[in-house]
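Student: I'd like to practise reading features off a model. Can we take them one at a time?

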Amino acid sequence: MNVRITGTGSALPARILTNAEISQMVDTSDEWITTRTGIRERRIAAEGEYTSTLAAEAGRNALAMAGVAAEEIDLLLVSTVTPDFPFPSTACIVQDLLGATNATAFDLSAACAGFIFGLSVADKYIRSGAVKKILVIGAEVLSRTVDWRDRNTCVLFGDGAGAVVLEATDGEHELLSTHTFSKGAFWNLLYQQGSGSRNPATDRRTIDEERIYLTMEGNDVFKHAVRAMEEASTAALVANGISGTDLSFLIPHQANQRIIDATAKRLGIGPERLVINLDRYGNTSSASIPIALDEAHRNGVIKSGNLVMMVAFGAGFAYGSTLVRW
Ligand code: COA
């Protein structure tokens, strides 16, 4: 069976948090954040807004575009590192919110590369003939994982969700390749300290000793990110016998403008072929690529026949790429 993307959707909290506002909270400035990261503002979930509610809204929008009813979905994947709860899966909560009653639903954890890993899993489910319609969602509420007193990390992240509907087709294969990589030796350069089995939320010391927040070695992560984004991109280009100049668009994970620029330069891709929304949303982890894809698709930037590569890098390390003929 071949695979087509038939719908895209996204959802963002209404609340905008600007660099100027963050400058009132920690010792930073709009100038520092903009020049070092490219981020100008990010969205922050309101009380009562969760990963599941954002995911469901993005999913609903993607289903509407595809013209697919929620009950038709066979498999519902939610990629997230900020689930509503450790269990059940956020995917099960989203299944309930959408009424996707016939779906198998589960979460997938590959941090900022989660959406690419989700596409890879979905591709294999459809190609094997196991299922026909899949909803893949990347959704995060990172604002509830960071220490808002830590200027090294709090300026970087934002909340949001993006989704795609994938369907089996007898026509042309549109998901040309998926590549995924993991390098677990580097897990401790970027991780969430608290609420798992090492620093459980049930142990008072987790809170008292502040072993709870997202923690990151920014400089190290930066260097690995540039190399890994190139490695994953090159894998897709080589597998498809093309070069960077053949791509219509590159949709990179939106973590830092400097990482994106370095990746694009290594691949020979000019700024006119980059899809960027980092300035408006910051790093939304696994939601960043599907949000950017949805915006570029809805705005008519990506057109039928375009060759679009998506590439992501994140904690784990986990990284990967997908090439799509739109
Ligand atoms: N405002 C002002 N100063 C800040 C700051 C902020 N928000 N954050 C850090 N600084 C300071 C540091 O304290 C340091 O000061 P010092 O020299 O007095 O110690 C100085 O800026 C330089 O810090 P450094 O970490 O070298 O800056 P950088 O140019 O590497 O930029 C990051 C920092 C985090 C933006 C960058 O390393 C990065 O983007 N890393 C990758 C992060 C990422 O993408 N993570 C997710 C992967 S999916």
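Student: Let's start with E167: does E167 count as buried or exposed?

Tutor: Keep in mind that this is a predicted model. The general idea is to look at relative accessible area, where buried means under 20%. E167 comes out at 12%, so this residue counts as buried.

Student: And which residue does E167 pair with in a salt bridge?

Tutor: Look for K133: the two side chains meet in a salt bridge, with 2.8 Å from N to O. E167 lies in strand 7 and K133 in strand 6 (residues 133-141), so the bridge ties together parts that are 34 residues apart in sequence.

Student: How many salt bridges does the structure hold?

Tutor: The count is 15. One of them joins R4 and E174, whose closest N and O atoms are 3.6 Å apart. That pair links distant parts of the chain, 170 residues apart: R4 sits in strand 1 (residues 2-11), while E174 is in the loop between strand 7 (159-169) and strand 8 (175-182). R4 is partly exposed, at 36% relative accessibility, whereas E174 is buried at 16%.

Student: What about E272: which residue is its salt-bridge partner?

Tutor: R273, with the closest N and O atoms 4.0 Å apart. Check the accessibility of each partner too: E272 is exposed, with a relative accessible area of 58%, but R273 is buried, at 16%. Bridges can also chain up through shared partners, and here they join E72, K133 and E167 into one network.

Student: Now the domains. Where is the chain divided?

Tutor: Domain 1 covers 2-172 and domain 2 covers 176-325. Their C-alpha centres lie 13 Å apart. As for contacts, 51 residues of domain 1 touch 46 residues of domain 2.

Student: How is the size of an interface often given?

Tutor: Usually people quote the accessible area lost when the parts come together. Between domain 1 and domain 2 the buried area is about 3,600 Å², and carbon and sulfur atoms give 63% of that. On the domain 1 side, C112, I116 and F117 supply 17% of the area buried against domain 2, more than any other three residues.

Student: What polar links cross between the two domains?

Tutor: There are 21 residue pairs in polar contact across the interface, counting pairs with both residues at pLDDT 80 or more. The elements giving two or more residues to the side of domain 1 that touches domain 2 include strand 1, helix 3 (51-66) and helix 5 (114-127). Helix 5 gives the largest share of that side, 9 residues. As for salt bridges, the count between the two domains is 1.

Student: You mentioned C112. Why is C112 not bonded to C154?

Tutor: For a disulfide, you want two cysteine sulfurs within 2.5 Å. The closest cysteine sulfur to that of C112 is in C154, 16 Å away, which is too far for a bond. The disulfide count comes to 0. Accessibility is a separate reading: C112 is buried at 10%, while C92 is partly exposed at 33%.

Student: One last residue. Which helix holds E295, and what does E295 touch?

Tutor: You'll find E295 in helix 11 (residues 288-298). Leaving out residues up to four places away in sequence, E295 touches L12, N277, R280 and Y281. At 17% relative accessibility, E295 counts as buried.

How values were computed. Residues are numbered from 1 along each chain as its sequence is written. This is a predicted model: local features need pLDDT of at least 70, side-chain atom pairs count only at pLDDT 80 or more; totals for chains, interfaces and linings use all residues. Side-chain values use heavy atoms; hydrogens and water are left out. Buried means under 20% relative accessible area, exposed over 50%, partly exposed in between (1.4 Å probe, protein chains only). Helices (H or I, at least four residues) and strands (E, at least two) are DSSP runs, numbered from the N terminus. Contact means heavy atoms within 4.5 Å. Domain bounds come from an automatic or database domain assignment. Buried area is the accessible area (1.4 Å probe) that two parts lose on being put together, summed over both. A polar contact is a pair of N or O atoms within 3.5 Å; within protein, one must be able to donate a hydrogen and the other to accept it, and residues adjacent in sequence count only if both atoms are side-chain atoms.
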